[in-house]
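Subject: Handing over the model

Dear colleague,

I am passing on to you the structure that I have been looking through, and I would be glad if you kept it open while you read the rest of this email.

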Amino acid sequence: MTVSSAPGKVYLLGEHAVVYGEPAMLCAIDRRATVTATARDDDRIRVQARDLTIDGFSVEYGDGVVDESTDIDVPHPLIEAAVGYVDGAVEQVKEVVDTTGFTITIESEIPLGAGLGSSAAVVVAAIDAATREMGVELTPEEIAQRAYRVEYDVQDGQASRADTFCSAMGKAVRVEGDDCRPIEESPELPFVIGFDGGAGDTGTLVAGVRSLKEEYEFAADTVETIGNIVRTGERAITTEDQQELGRLMNFNHGLLSALGVSSRSLDAMVWAARDAGAFGAKLTGAGGGGCIVALDPTPDTATALQYTPGCEETFRAELDHDGVRVESE
Ligand SMILES: Nc1ncnc2c1ncn2[C@@H]1O[C@H](COP(=O)(O)OP(=O)(O)OP(=O)(O)O)[C@@H](O)[C@H]1O
Ligand SMILES: C[C@@](O)(CCO)CC(=O)[O-]
Ligand SMILES: [Mg+2]
């Protein structure tokens with residue numbers, strides 16, 4: 001039995017634009033997905049995803065077929081969409097090892113589809129656990145590369161390397177196209193997360209930005225401007241200027257909102273954080289619903305979020321220095 005875990009992330013600056021080659025900066029956070037892989041005597045592949053529920057049923061399946069015992073009475077495309085990332089991870093494992101069967105069990109502290117990189121963390125941890133269990137040790141860089149292939153395929157060819165690289169490597173990272181690197185002096189920033197309890201589908205949201213960008217030159221300019229905000233933010237990171245970073249996050253949120261990926265509850269949480277005196281706040285990840293990230297060393301933002309209609313949960317997040325790691329073998 002092999003157990004591996006990998007962290008989720010928040011975007012400081014640059015999501016969506018990063019898909020088109022602009023730079024982005026993101027930080028791994030101390031919420032992780034944990035995957036247990038166990039070799040089997042037969043050649044079957046089984047997946048138990050306890051957090052993945054459809055109509056209240058948790059998903060258990062294998063060999064591309066959802067178990068009858070899970071009793072899920074929903075159309076298959078819905079299930080296929082939900083298990084796409086895990087299926088992709090299994091395909092990657094099969095490319096690396098001469099598989100006989102294995103069972104993988106997924107547990108995650110990262111809310112699904114909420115902008116904290118649950119998909120990347122699950123895929124990274126699954127590839128690591130299953131390949132190790134079958135006797136192959138991949139480097140974090142190789143795992144990041146394979147996990148990226150999965151996100152790229154599931155998101156219909158529209159994915160950056162950002163989430164998967166950050167989850168595999170940990171710390172703060174900067175990603176621009178193929179150029180992925182850890183930020184050496186990863187700053188400890190006072191992250192406060194607000195979660196509206198909802199989710200957005202990354203593939204759909206990315207497709208929405210792409211079509212706006214293709215239709216309007218000013219939408220394409222907006223994407224480029226987000227890239228300029230990130231370049232400006234690099235100086236603020238080096239000097240640990242949280243006030244400047246906050247201002248840039250606010251600007252970035254406005255542009256993401258213009259690109260149609262915010263929502264009423266995300267905007268409400270962003271404004272609550274700003275009114276409470278946060279240095280800045282923005283949605284994180286694909287948007288549509290899910291989480292905002294604010295910078296505030298005081299308890300004021302968390303308190304304000306607790307009283308904000310639409311906010312279901314608020315918590316602090318710490319930078320996680322560890323990327324993918326083995327918990328036990
Ligand atoms: N615990 C889990 N078990 C199985 N699959 C999971 C789990 N967590 C996430 N996933 C997969 O990832 C999908 C969510 O990925 P998606 O990219 O839409 O959101 P996210 O990664 O949480 O947010 P973002 O990409 O905006 O940071 C789920 O629909 C599911 O397929
Ligand atoms: C929206 C996006 O930029 C981040 C999702 O966390 C998509 C991607 O980079 O693949
Ligand atoms: Mg994702």
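Below is what was found, beginning with how the model is to be read.

This is a predicted model, in which local features need pLDDT of at least 70 and side-chain atom pairs count only at pLDDT 80 or more, while totals for chains, interfaces and linings use all residues. Residues are numbered from 1 along each chain as its sequence is written, and chains are lettered from A and ligands numbered from 1 in the order in which they are written.

As for confidence, the pLDDT of the protein chain (the predictor's confidence in each residue, from 0 to 100) averages 91, and 91% of the residues score at least 70. Residues 68-74 need care, since their pLDDT is below 50, although the model gives this stretch 12 contacts beyond near neighbours in sequence; two residues are in contact if their C-beta atoms, placed from the backbone, lie within 7 Å. For the complex, the predictor gives an ipTM of 0.98 and a pTM of 0.94.

The domain assignment splits the protein chain into domain 1 (2-184) and domain 2 (191-317), with bounds that come from an automatic or database domain assignment. Taken over C-alpha atoms, the centres of domain 1 and domain 2 are 24 Å apart, and 30 residues of domain 1 are in contact with 36 residues of domain 2. On the side of domain 1 that touches domain 2, β1 (2-13) and β2 (24-39) each supply at least two residues, and β2 gives the most, with 5 residues. Helices (H or I, at least four residues) and strands (E, at least two) are DSSP runs, numbered from the N terminus. That side of domain 1 is made up of 17 nonpolar, 8 polar and 5 charged residues, where Ala, Val, Leu, Ile, Met, Phe, Trp, Tyr, Cys and Pro count as nonpolar, Asp, Glu, Lys and Arg as charged, and the others, Gly among them, as polar.

Which residues come closest to ligand 1? Ligand 1 is surrounded by 24 residues, and the closest are Ser118, Ser119, Thr202, Gly285 and Ala286; a residue is near a molecule or strand if its C-beta atom, placed from the backbone, lies within 6 Å of it. The shell around ligand 1 takes at least two residues from each of β3 (45-54), α1 (76-96), β6 (102-108) and α2 (118-133), with α1 giving the most, 4 residues. By class, this shell has 12 nonpolar, 9 polar and 3 charged residues, and at least three of its residues come from each of domain 1 and domain 2.

Ligand 2 has 14 residues around it, of which Glu15, Ala159, Ser160, Gly285 and Ala286 come nearest. Where does ligand 2 lie with respect to the domains? Domain 1 and domain 2 both give residues to the shell around ligand 2, so ligand 2 lies between them. In that shell, α4 (162-169) and α5 (202-215) each supply at least two residues, and the classes are 6 nonpolar, 5 polar and 3 charged.

One hairpin is also worth finding on your screen. Strands β7 (residues 172-176) and β8 (residues 179-182) run antiparallel and are joined by 4 bridges, and two strands pair if DSSP finds at least two bridges between them. Arg174 has Arg181 in β8 as its bridge partner, and in the hairpin, which has 2 residues between the strands, Gly177 takes a positive phi near 60°.

With best wishes
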